[in-house]
Amino acid sequence: MKKTTIVIALGGNAILSKDASSQAQQKALTYTAKQLVKLIQKGYQLVISHGNGPQVGNLLIQQQATDSKENPAMPLDTCVAMTQGSIGYWLENALAKELNDAGIKKEIATLVTQVIVSENDPAFDNPTKPIGPFLTKEAAQIIMSENNTLYKEDAGRGWRKVVPSPKPISIQEHEVIKTMIKHDIITICGGGGGIPVTSNELIGVEAVIDKDFSSEKIAELADADLFVILTGVENVAINFGKENEQQLKQVTIKQLEEYIKQGQFEPGSMLPKVEAAIQYVKAKPANKAIITSLEKLSDFGEHEVGTEVIFEG
């Protein structure tokens with residue numbers, strides 16, 4: 001019997017909060033692995049992607065701080081690849097331990113993933129993707145005055161460096177991902193939104209792809225049965241933070257598109273998650289996408305979970 005394949009998109013901020021040390025990030029991933037193993041115990045086949053906004057921003061700062069002729073800083077696309085490796089390594093080991101404790105024998109593999117984008121994507125003229133640590137407005141303005149970087153306010157949480165975020169056209173390794181699914185391998189891929197590359201020559205570009213959009217493309221091309229986007233809340237809401245806030249349980253893509261027109265979702269926060277969910281359901285009308293929190297994963301298959309996005313009512 002074919003297992004239900006779920007592509008799960010983890011946020012970079014779920015891995016790193018305030019403490020950027022490797023120990024703190026590995027501790028966070030241990031908790032994440034515990035939740036993911038609950039799905040594996042229920043018989044689901046998992047493909048796991050993850051963000052890297054905080055991590056790649058911090059790495060870029062480290063690279064630039066030690067830049068010299070003898071030890072030149074690595075470009076942004078290479079930093080994305082480096083964080084794919086480090087986070088994948090931590091998550092793979094955390095999952096292995098939890099599976100072993102649960103008495104489950106399964107193979108796990110992290111796949112360095114390249115995502116094809118267009119060199120003519122308008123995102124290159126309008127950087128919007130926040131990466132790195134949160135700063136005060138004053139600190140961000142000082143940095144911007146000293147070098148050619150751009151910082152913007154990020155959903156009321158502080159100011160962060162922003163870089164181009166082109167939309168994914170395809171996943172270079174999607175057939176490899178399908179092969180790994182076929183062989184019942186837990187697959188960690190698309191880390192940090194994937195390494196952005198252009199043309200058939202796979203030339204890296206200075207950008208960070210939004211992990212929700214690249215995860216959607218993975219789910220679409222790998223023929224996943226379900227696409228799950230994890231965030232810090234259990235449900236998508238309209239009128240968020242107001243007295244008339246309404247949590248959405250099940251919603252059609254038509255309803256969500258109307259809410260987008262109303263400006264209900266914050267750019268750089270909930271909006272890309274909603275847009276990615278819509279894109280997946282449009283591509284796979286018989287399937288659904290779910291937006292919810294990590295803590296609700298244990299309820300899958302037993303209770304209604306999060307916000308279900310469906311093609312039509």
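Q: Angles under 35 degrees count as roughly parallel, and angles over 145 as roughly antiparallel. Are helix 7 and helix 8 roughly parallel or roughly antiparallel to each other?
A: This is a predicted model. In it, helix 7 (253–261) and helix 8 (271–283) pack at an angle of about 150°, with axes 10 Å apart. That angle falls in the class over 145 degrees. Helix 7 and helix 8 are therefore roughly antiparallel.

Q: Is the crossing of helix 7 and helix 8 left-handed or right-handed?
A: The angle between helix 7 and helix 8 is about 150°. Where helix 7 passes helix 8, the crossing is left-handed.

Q: How many nonpolar, polar and charged residues make the contact of helix 7 with helix 8?
A: Helix 7 brings Ile 253, Leu 256, Glu 257 and Ile 260. Helix 8 brings Leu 271, Val 274, Glu 275, Ile 278, Val 281 and Lys 282. Sorted by class, the residues of this contact are 7 nonpolar, no polar and 3 charged.

Q: Which helix gives the most residues to the largest nonpolar core?
A: The largest nonpolar core has 41 residues. Ile 177, Phe 227, Leu 256, Phe 265, Val 274 and Val 309 have the most contacts inside it. At least two residues each come from several elements, including strand 1 (5–10), helix 5 (174–182), strand 12 (226–231) and strand 16 (288–293). The most, 7 residues, come from helix 8.

Q: Which residues does Leu 256 contact, leaving aside its neighbours within four places in sequence?
A: Leu 256 is among the residues with the most contacts inside the largest nonpolar core. Leu 256 is also one of the helix 7 residues that meet helix 8. Its contacts beyond its sequence neighbours are Leu 248, Val 251, Phe 265, Val 274, Ile 278 and Val 309.

Q: How many residues does the second, separate core have?
A: In soluble globular proteins, nonpolar side chains tend to be buried together. Ile 15, Ala 33, Val 37 and Ile 87 are among the residues of the second core. This separate core has 30 residues.

Q: Where do the axes of helix 2 and helix 3 stand in terms of angle class?
A: Helix 2 (residues 53–65) packs on helix 3 at an angle of about 120°, with axes 9 Å apart. Roughly perpendicular covers 65 to 115 degrees, and roughly antiparallel starts over 145. An angle of about 120° fits neither class, so helix 2 and helix 3 are oblique.

Q: How many nonpolar, polar and charged residues make the contact of helix 2 with helix 3?
A: The crossing of helix 2 and helix 3 is right-handed. From helix 2 come Gln 55, Val 56, Leu 59, Leu 60 and Gln 63. From helix 3 come Leu 76, Cys 79, Val 80, Met 82, Thr 83 and Ile 87. By class, this contact has 8 nonpolar, 3 polar and no charged residues.

Q: Is Gln 84 buried or exposed?
A: Gln 84 sits in helix 3 (residues 76–101). Beyond its sequence neighbours, its contacts include His 50, Thr 110, Val 112, Gly 190 and Ile 195. Its relative accessibility is 3%, so Gln 84 counts as buried.

Q: How far is Cys 189 from Gln 23 in space, C-alpha to C-alpha?
A: Cys 189 lies in the loop between strand 9 (186–188) and strand 10 (195–198). It is buried at 1% relative accessible area, and among its contacts are Val 47, His 50, Leu 111, Ile 177 and Ile 218. Cys 189 and Gln 23 are 166 residues apart in sequence; in space they are apart by 22 Å.

Q: Which residues does Asp 210 touch, not counting those up to four places away in sequence?
A: Asp 210 is in the loop between strand 11 (203–204) and helix 6 (211–221). With a relative accessible area of 10%, Asp 210 is buried. The residues it touches are Lys 129, Ser 165, Gly 193 and Pro 272.

Q: Is Asp 184 buried or partly exposed?
A: Asp 184 is in the loop between helix 5 and strand 9. It has a positive phi of about 60°, although it is not a glycine. Buried means under 20% relative accessible area. At 30%, Asp 184 therefore counts as partly exposed.

Q: Is Asn 239 buried or exposed?
A: Asn 239 is in the loop between strand 13 (237–238) and strand 14 (246–247). It has a positive phi of about 55° and is not a glycine. Its relative accessibility is 19%, so Asn 239 counts as buried.

Technical notes: Residues are numbered from 1 along each chain as its sequence is written. This is a predicted model: local features need pLDDT of at least 70, side-chain atom pairs count only at pLDDT 80 or more; totals for chains, interfaces and linings use all residues. Side-chain values use heavy atoms; hydrogens and water are left out. Helices (H or I, at least four residues) and strands (E, at least two) are DSSP runs, numbered from the N terminus. Buried means under 20% relative accessible area, exposed over 50%, partly exposed in between (1.4 Å probe, protein chains only). Contact means heavy atoms within 4.5 Å. A nonpolar core is a set of buried Ala, Val, Leu, Ile, Met, Phe, Trp, Tyr and Cys residues joined through side-chain atoms within 4.5 Å. Axes are lines fitted to C-alpha atoms, for helices over the stretch in contact, and angles run from 0 to 180 degrees between N-to-C directions. A crossing is left-handed if the near helix is turned anticlockwise from the far one by less than a right angle, and right-handed if clockwise. Ala, Val, Leu, Ile, Met, Phe, Trp, Tyr, Cys and Pro count as nonpolar, Asp, Glu, Lys and Arg as charged, and the others, Gly among them, as polar.
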